[in-house]
Amino acid sequence: MSQTMDDDWLVFHPSPKVPDLTLPPGAVDAHCHVFGPGDAFPYAPERKYTPCDAGKEQLFALRDHLGFSRNVIVQATCHGRDNSAMVDACRAAGGLARGIASVGPEVSDADLADMHAAGVRGVRFNFVKRLVDDTPKQVFQDIAARIAKLGWHIVVYFEAADLEDLIPFLEGLPTIIVVDHMGRPDVSKPLDHPDFGRFLDLMARNENIWSKVTCPERLSLQGPPYDDVVPFAAEVVRRFPDRVLWGTDWPHPNMKSHMPDDGALVDFIPRIAPTPELQQKLLVDNPMRLYWA
Ligand code: 0GY
């Protein structure tokens, strides 16, 4: 497969605004990625998309431009289980980044220890069919048992329609679980729709389940300024202020409708976390507890 980016690939915003919101000192962008660059870190043969290059220097420049102090870099599926670009970025960040890896059953204990030393603190289990091939649950359960011993946690990415079937699996996992993008609610449905209720109930029942209140640009049907996503994210923050994380999702893989301005995304935060106390938990206290304690 060619390493040239897909024809319909949207490249990240070239000059995001400086946010109107002044982020609290020590704020963490807790969901972002690096892509390659492909010359140094080739994309995986099994990938479902080929992105533009978006390397660590560009990520760190964005961090500084927006006013963040730290990053949590999530392994992107275009790199498969080759975590080297993400690990390289974590090492280069000098303690200012943590990582989330994708691993298979073949990963050795020595590899896990190396990743831990670089700053990796979790693995991602991905159930989104357009991004990955199916992995048997037993494989995930075996990985979960191994990484639990390192004090790592599990990030899960799934579509809202798949949550019902996943609940027994999720409730059986032994670590903290962080759900990407609120489980991708259908924001055309009302806030009290049973589908979103299922997700809120899952969080209410399980104190080890956290949520990223991320990706209004991905969930919105209306587009900027993402008014239709506000009630969903605000509800999760209101009900679970000590178990929410926020991130840019830079460089925004697979966006088709538009490319968000990352500074405008930061300005979305006060709409879902309206007080300084909530912003401090969302942006500093929660990610620091989970990733840097
Ligand atoms: C996200 C969302 C997406 C992609 C990935 O690893 C990935 O490829 O996470 C998506 O396409 O929805 O969280 O970045």
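**Exercise 1. Are Arg124 and Asp180 buried or exposed, and what links them?**

Step 1: check the surface. Both Arg124 and Asp180 are buried; that label means under 20% relative accessible area, while exposed means over 50% and partly exposed lies in between (1.4 Å probe, protein chains only). Keep in mind that this is a predicted model, where local features need pLDDT of at least 70, side-chain atom pairs count only at pLDDT 80 or more, and totals for chains, interfaces and linings use all residues. Residues are numbered from 1 along each chain as its sequence is written, and side-chain values use heavy atoms, with hydrogens and water left out.

Step 2: look for contact. The side chains of Arg124 and Asp180 form a salt bridge at 2.8 Å, N to O. The term stands for a side-chain nitrogen of Lys or Arg within 4 Å of a carboxyl oxygen of Asp or Glu.

Step 3: place the pair. Arg124 sits in strand β4 (residues 120-126) and Asp180 in the loop between β6 (177-179) and α6 (194-205), so to speak distant parts of the chain, 56 residues apart. Helices (H or I, at least four residues) and strands (E, at least two) are DSSP runs, numbered from the N terminus.

**Exercise 2. Which parts does the salt bridge of Arg271 and Asp227 tie together?**

Step 1: find the contact. Here the N to O distance is 2.7 Å.

Step 2: locate each end. Arg271 belongs to helix α10 (residues 269-272), and Asp227 to the loop between α7 (216-219) and α8 (230-239), so the bridge ties together parts 44 residues apart in sequence.

Step 3: check the surface. Arg271 is partly exposed, at 36% relative accessible area, and Asp227 is partly exposed too, at 39%.

**Exercise 3. Why is strand β5 largely enclosed by the rest of the structure?**

Step 1: count. In β5 (residues 153-157), 5 of the 5 residues are buried, so the rest of the structure largely encloses the strand.

Step 2: sort the faces. In a regular strand, side chains alternate between the two faces of the sheet. On one side of β5 you'll find His153, Val155 and Tyr157, on the other Ile154 and Val156, all buried.

Step 3: meet the neighbours. β4 and β5 run parallel, joined by 5 bridges; strands pair if DSSP finds at least two bridges between them. Phe125 has Val156 in β5 as its bridge partner. On the other pairing, 3 bridges join β5 to β6, also parallel, and Ile154 partners Ile177 in β6.
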